[in-house]
Amino acid sequence: MENKMKGSIVTGFLLLLFAANSNAQQKRPTEVTRFETYCNPVDLPYRFRLDGVSRREAADPTMILYHGEYWLFASKLGGYFHSMDLRHWKLVPMNEYPFEEWAPTALVMHDHVYLAASAKSKLFEAVDLGAGKWKEVGDFGQGFGDPDLFQDDDGQLYMVHGLSNIGVIQITGIDQNNGFKPGPTYPVPSTRGTETRGWEVQIGRAHV
């Protein structure tokens with residue numbers, strides 16, 4: 001009698017343990033939630049060098065957000081890319097932009113989009129950004145190497161530029177009320193110590 005009771009207790013305990021384990025397995029998630037991730041480089045259908053050398057273009061990119069849409073400009077594209085979500089991109093051929101050069105710089109200013117390129121003096125404004133139509137609105141009277149249009153908080157327009165491994169980056173004031181004529185140029189000091197210079201390059205050798 002005692003052995004039967006012990007056997008019943010053990011059997012009951014095993015059944016309880018099995019039921020508890022089964023419930024735990026049922027509550028355990030069967031799938032692991034995964035999120036989509038994205039990384040550079042963006043998979044764009046940019047082209048190769050037109051001179052026959054097998055080197056891909058799309059260097060020196062700059063991107064702007066205009067009316068909630070993304071516009072990406074890069075070297076030697078024959079146009080620029082447009083996206084609504086940063087995932088799907090469409091090339092917009094340039095119809096009115098009269099040159100195809102390196103390192104374009106784009107800026108949204110007063111709800112208009114402006115565009116210039118490396119070593120070229122002309123400044124263009126978008127007439128129809130989606131159709132690739134532009135018009136010339138200014139002439140700097142000089143070209144700027146690897147240019148970057150920048151408008152400060154006070155509204156003043158500047159061109160940040162520099163394309164030399166022995167020179168320094170320079171900042172030139174641009175008079176947007178006078179045909180975008182360039183004003184004084186100010187060099188960015190390179191007197192900082194090599195331990196804090198970071199990415200700057202001087203005398204043909206990088207200092208970190």
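Here is a short tour of a predicted model, with something to select at each stop.

**Before you start.** Residues are numbered from 1 along each chain as its sequence is written. Because the model is predicted, local features need pLDDT of at least 70 and side-chain atom pairs count only at pLDDT 80 or more, while totals for chains, interfaces and linings use all residues; side-chain values use heavy atoms, with hydrogens and water left out.

**Stop 1: the open sheet.** Select β9 (148-151), β10 (residues 157-161), β11 (residues 170-175) and β12 (residues 181-187). Strands here are DSSP runs (E, at least two residues), numbered from the N terminus. Two of them pair if DSSP finds at least two bridges between them. You're looking at an open sheet of 4 strands in the order β9-β10-β11-β12, with antiparallel pairing. The edges are β9 and β12, each pairing on one side only. From one strand to the next the twist averages 30° (axes are lines fitted to C-alpha atoms, and angles run from 0 to 180 degrees between N-to-C directions).

**Stop 2: walk across the sheet.** Start with β9, joined to β10 by 4 bridges. Show Asp148 and you'll find it opposite Val160 in β10. Now stay on Val160: it also stands opposite Ile171 in β11. Between β10 and β11 there are 5 bridges, and another 5 bridges join β11 to β12. Here, Gln170 faces Pro187 in β12.

**Stop 3: the turn.** β11 and β12 form a hairpin with 5 residues between them. Click on Gly179 in that turn: it has a positive phi of about 65°.

**Stop 4: Glu125.** Jump to strand β7 (residues 122-128) and pick Glu125. Does it have a charged partner, or what is the nearest candidate? Glu125 is buried (under 20% relative accessible area, 1.4 Å probe, protein chains only). It has no salt bridge (a side-chain nitrogen of Lys or Arg within 4 Å of a carboxyl oxygen of Asp or Glu). The nearest side chain of opposite charge, Lys135, is 4.4 Å away. Lys and Arg count as positive and Asp and Glu as negative; His and the chain ends are not counted. Leaving aside neighbours within four places in sequence, Glu125 is in contact (heavy atoms within 4.5 Å) with residues including His112, Tyr114, Trp134 and Lys135.

**Stop 5: Gly141.** Finish in the loop between β8 (133-139) and β9, where Gly141 lies. Gly141 counts as exposed (over 50%) because its relative accessibility is 66%. Add Lys120 to your selection: the two are 21 residues apart in sequence and 9.0 Å apart in space, C-alpha to C-alpha.
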